[in-house]
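Open the model in your viewer and keep the sequence panel beside it. The tour below goes from one selection to the next.

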Amino acid sequence: MNVQLHPSWKKLLQATFEEAYFQQLAAFVKNEYHQHRCYPPGNQVFAALNACPFDAVQVVIIGQDPYHGPNQANGLCFSVHDPTPHPPSLINIFKEIENDIQVPYPKSGDLMRWAQQGVLLLNATLTVRADQAGSHQNKGWETFTDSVIETISSKKSEVVFLLWGGYAKKKGAKIDNGKHQILTSGHPSPLSANRGYWFGNKHFSQCNRFLESKGKKPIDW
């Protein structure tokens, strides 16, 4: 595994990297990548943080764990490599954007274009074993990504957090809602969306209105 991390995050998270849990997590992940096929590719494990340096963060979207199929996970939550077919949750995200702000459904499912505008696309768990959803949960990644979220909450202000589904809402429990804008809804997965908990949340227009109200540039979704 060739793991590199943007200097802005490396500096802020240095204490976390030195904790015993992270040392154990690193050893576990290294062994998993050596023994099994895992996703995303080793050099993309920290892609979300590398694509969106700390100072650039304007919006945070929290996912659960990476896609576990071939050629899908690229280190950004909900995002897939091109030309991989769009997974169901991503389809519903794009449909909501289309309905909310009349942006045509895109051909590309690679969300790097969002990350480069300051959208941190953070999975709670950053790695997974091929074909085994959730296989790297409860190994320490959740503690690490809690540290990322808490760092953003404490050291920045006026960030928009988009928390979709119960899991993301729990991850957001330590966000200071006096300093930040927190938008919650059901998850974009078909199970939730088809029950009426996703479509019509208008998170993308609400997010942009908030950013503009603070004199910031809206996201080109």
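Is Lys171 buried or exposed? Select the residue: Lys171 is buried, with a relative accessible area of 9%. The model is a predicted one, and the values on this tour are computed from it.

**Salt bridges**

Stay on Lys171 and add Asp146. The two form a salt bridge, with the closest N and O atoms 2.8 Å apart. Asp146 belongs to helix α7 and Lys171 to helix α8, so this pair ties together parts that are 25 residues apart in sequence. Asp146 itself counts as partly exposed, at 26% relative accessibility.

Next, select Lys174 and Glu150. Their side chains meet in a salt bridge at 3.4 Å, N to O. Lys174 sits in the loop between α8 and β6 while Glu150 is in helix α7, so parts 24 residues apart in sequence are tied together. Lys174 counts as exposed, at 60% relative accessibility, and Glu150 is partly exposed, with a relative accessible area of 32%.

The structure holds three salt bridges. For another of them, select Arg129 and Glu32, whose side chains meet at 2.9 Å, N to O. Since Arg129 lies in strand β4 (residues 128-129) and Glu32 in helix α3 (residues 20-35), the pair ties together parts that are 97 residues apart in sequence. Glu32 counts as buried, with 5% relative accessibility.

**A lysine without a salt bridge**

Move to Lys156, in the loop between α7 (141-155) and β5 (160-164). Lys156 is buried but has no salt bridge. Asp55 is the nearest side chain of opposite charge, 5.1 Å away; a salt bridge would need the nitrogen within 4 Å of a carboxyl oxygen. Show the backbone as well: the backbone oxygen of Asp55 lies 3.3 Å from a polar atom of the Lys156 side chain. Beyond its neighbours within four places in sequence, Lys156 is in contact with residues including Phe54, Val57, Thr151 and His180.

**Strand β5 and its partners**

Select β5 next. Five of its five residues are buried, so the strand is largely enclosed by the rest of the structure. Which residues cover each face? Val160, Leu162 and Trp164 are on one side, with Phe161 and Leu163 on the other. In a regular strand the side chains alternate between the two faces of the sheet.

Add strand β2 (residues 59-63), which pairs with β5 in the parallel sense over three bridges. Here Val59 stands opposite Val160. Then add strand β6 (residues 181-185), which pairs with β5, again in the parallel sense, over five bridges. Leu163 has Thr184 in β6 as its bridge partner. With helix α8 (residues 165-171) also shown, β5, α8 and β6 make a right-handed β-α-β unit.

**Backbone stops**

Select Tyr39 and Pro40, which are joined by a cis peptide bond with omega about -5°. Pro40 is in the loop between β1 (38-39) and α4 (47-51). A cis peptide bond also joins Asp82 and Pro83, with omega about 0°. Pro83 is found in the loop between β2 and α5 (88-101).

Asn71 is in the loop between β2 and α5. Although not a glycine, Asn71 has a positive phi of about 60°, and at 58% relative accessibility this residue counts as exposed. The last selection is Asn138, in the loop between β4 and α7. Asn138 has a positive phi of about 60° and is not a glycine; it is exposed, with a relative accessible area of 69%.

Terms used: Residues numbered from 1 in each chain as written. Predicted model: local features only at pLDDT ≥ 70, side-chain atom pairs only at ≥ 80, totals over all residues. Heavy atoms only, no water. Helix = DSSP H or I, 4+ residues; strand = E, 2+ residues; numbered from the N terminus. Buried < 20%, exposed > 50% of the residue type's maximum accessible area, 1.4 Å probe, protein only. Lys, Arg positive; Asp, Glu negative; His and termini not counted. Polar contact = N/O pair within 3.5 Å; in protein donor to acceptor, adjacent residues only side chain to side chain. Contact = heavy atoms within 4.5 Å. Pairing = 2+ DSSP bridges. Right-handed = clockwise from strand over helix to strand, strands pointing away.
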